[in-house]
Amino acid sequence: MRRLVSALALSLALVPTVHARSLELALNDDMAQFLYSTSTDPWGMRGGEFGIGVLFNENDDLVGTLRLLSTNRVSPSFRLGVGLQGYAGDLDEIDETMGAVAIGGNIGFSLAAQVPVSLVFEGWIAPGILAFGDIDKLKEMSARIEVGVSDHAAVFVGYRKLKVDLSDYRHDYELDDSAQLGIRIGF
């Protein structure tokens, strides 16, 4: 628990220096993830997003993430994002460390409705050449439905699978494989 509080405090300390744009919390009975995001427009990267986050689960695993994503609104109802996401963490239950640089992105479909509703698919993969520590590769896939409740807030429900292949084990280790509920608040 002390590591979680330290990681969250570090995330909070770094965010004001990059002009935070939104805070997202995704959770279920076994896992919680905080993600702070900001636009990269002030840095000269139009349509980009920088994010820093922390994930922890019931096994006392703690994983930090850094995200750099470039998004293109292809049409009013379709957006496409590609980028890099870094992972670094401690898998406490199995006493292993992990690090990875993943490539991936997301696809979002906005549905025509009085209340803004979107369907978002996201995926990240770090093959062996981009995986470090005690892991051989990393895969993260998710799908969710987002509902905008105001101009600065949205709720979502979805499913995510985040797993790593371990060097010393014959099976995958799952950090998250379940439904989740979340909220995103803009600043």
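**A predicted strand-rich chain: patch, core and polar contacts**

User: Which strands each supply at least two residues of the nonpolar patch?
Analyst: The model is predicted. The patch lies on the surface and consists of Val-74, Leu-80, Val-82, Ile-107, Phe-109 and Phe-121. The strands that each supply at least two of its residues are S5 and S6.

User: How much accessible area do the residues of this nonpolar surface patch have together?
Analyst: Val-82 is one of the patch residues, and its place is in strand S5. With a relative accessible area of 51%, Val-82 is exposed, because the cut-off for exposed is over 50%. Together, the patch residues have about 480 Å².

User: Is Ile-103 buried, partly exposed or exposed?
Analyst: Ile-103 sits in strand S6. Its relative accessible area is 47%. Buried needs under 20% and exposed needs over 50%, so Ile-103 is partly exposed.

User: How far apart in space are Ile-103 and Leu-69, C-alpha to C-alpha?
Analyst: In sequence, 34 residues separate the two. Beyond its neighbours within four places in sequence, Ile-103 is in contact with Gly-83, Leu-84, Gly-123, Trp-124 and Ile-125. From Ile-103 to Leu-69, the C-alpha distance is 9.8 Å.

User: What order do the elements of the protein chain follow from the N terminus on?
Analyst: The chain holds one helix and 11 strands. The helix leads and the strands follow. Written out, the order is α-β-β-β-β-β-β-β-β-β-β-β.

User: Which residues touch the most other members of the largest nonpolar core?
Analyst: This core has 20 residues. Strands S4, S5, S6, S7, S9, S10 and S11 each supply at least two of them. In soluble globular proteins, nonpolar side chains tend to be buried together. The members that touch the most others are Tyr-87, Leu-91, Met-98, Ile-135, Leu-138, Val-164 and Leu-175.

User: Which residues are in contact with Leu-175, leaving aside its neighbours within four places in sequence?
Analyst: Leu-175 is among the core residues that touch the most other members. Three others of that group, Leu-91, Met-98 and Val-164, are also in its contact list. The full list is Leu-55, Asn-57, Asp-61, Val-63, Leu-91, Met-98, Leu-162 and Val-164.

User: Is Gln-33 buried or exposed?
Analyst: Gln-33 lies in strand S2, which spans residues 31–39. Its contacts, neighbours within four places in sequence aside, include Glu-24, Val-54 and Thr-65. At 14% relative accessible area, Gln-33 falls under the 20% cut-off, so Gln-33 is buried.

User: With which residue's side chain does the side chain of Gln-33 make a polar contact?
Analyst: Arg-160 is listed among the contacts of Gln-33. The side chains of the pair also make a polar contact, at 2.4 Å. The partner of Gln-33 is Arg-160.

User: How long is the polar contact that joins the side chains of Asp-176 and Arg-160?
Analyst: Asp-176 belongs to strand S11. Asp-176 is buried, because its relative accessibility of 4% is under 20%. Its side chain also makes a polar contact with that of Ser-178, at 2.9 Å. The contact with Arg-160 is 3.0 Å.

User: What share of the residues in the protein chain is buried?
Analyst: The chain exposes about 10100 Å², with 62% supplied by carbon and sulfur atoms. Of contacts with a separation of 6 or more, 47% involve residues 24 or more positions apart. Among the 187 residues, the buried share is 41%.

Methods. Residues are numbered from 1 along each chain as its sequence is written. This is a predicted model: local features need pLDDT of at least 70, side-chain atom pairs count only at pLDDT 80 or more; totals for chains, interfaces and linings use all residues. Side-chain values use heavy atoms; hydrogens and water are left out. Helices (H or I, at least four residues) and strands (E, at least two) are DSSP runs, numbered from the N terminus. Buried means under 20% relative accessible area, exposed over 50%, partly exposed in between (1.4 Å probe, protein chains only). A polar contact is a pair of N or O atoms within 3.5 Å; within protein, one must be able to donate a hydrogen and the other to accept it, and residues adjacent in sequence count only if both atoms are side-chain atoms. Contact means heavy atoms within 4.5 Å. A nonpolar core is a set of buried Ala, Val, Leu, Ile, Met, Phe, Trp, Tyr and Cys residues joined through side-chain atoms within 4.5 Å. Patches are made of residues with over 30% relative accessible area and no salt bridge: like charges are joined within 9 Å, nonpolar side chains (Val, Leu, Ile, Met, Phe, Trp, Tyr) within 5 Å. Accessible areas come from the Shrake-Rupley method with a 1.4 Å probe; for residues, only the protein chains shown count as cover. A salt bridge is a side-chain nitrogen of Lys or Arg within 4 Å of a carboxyl oxygen of Asp or Glu.
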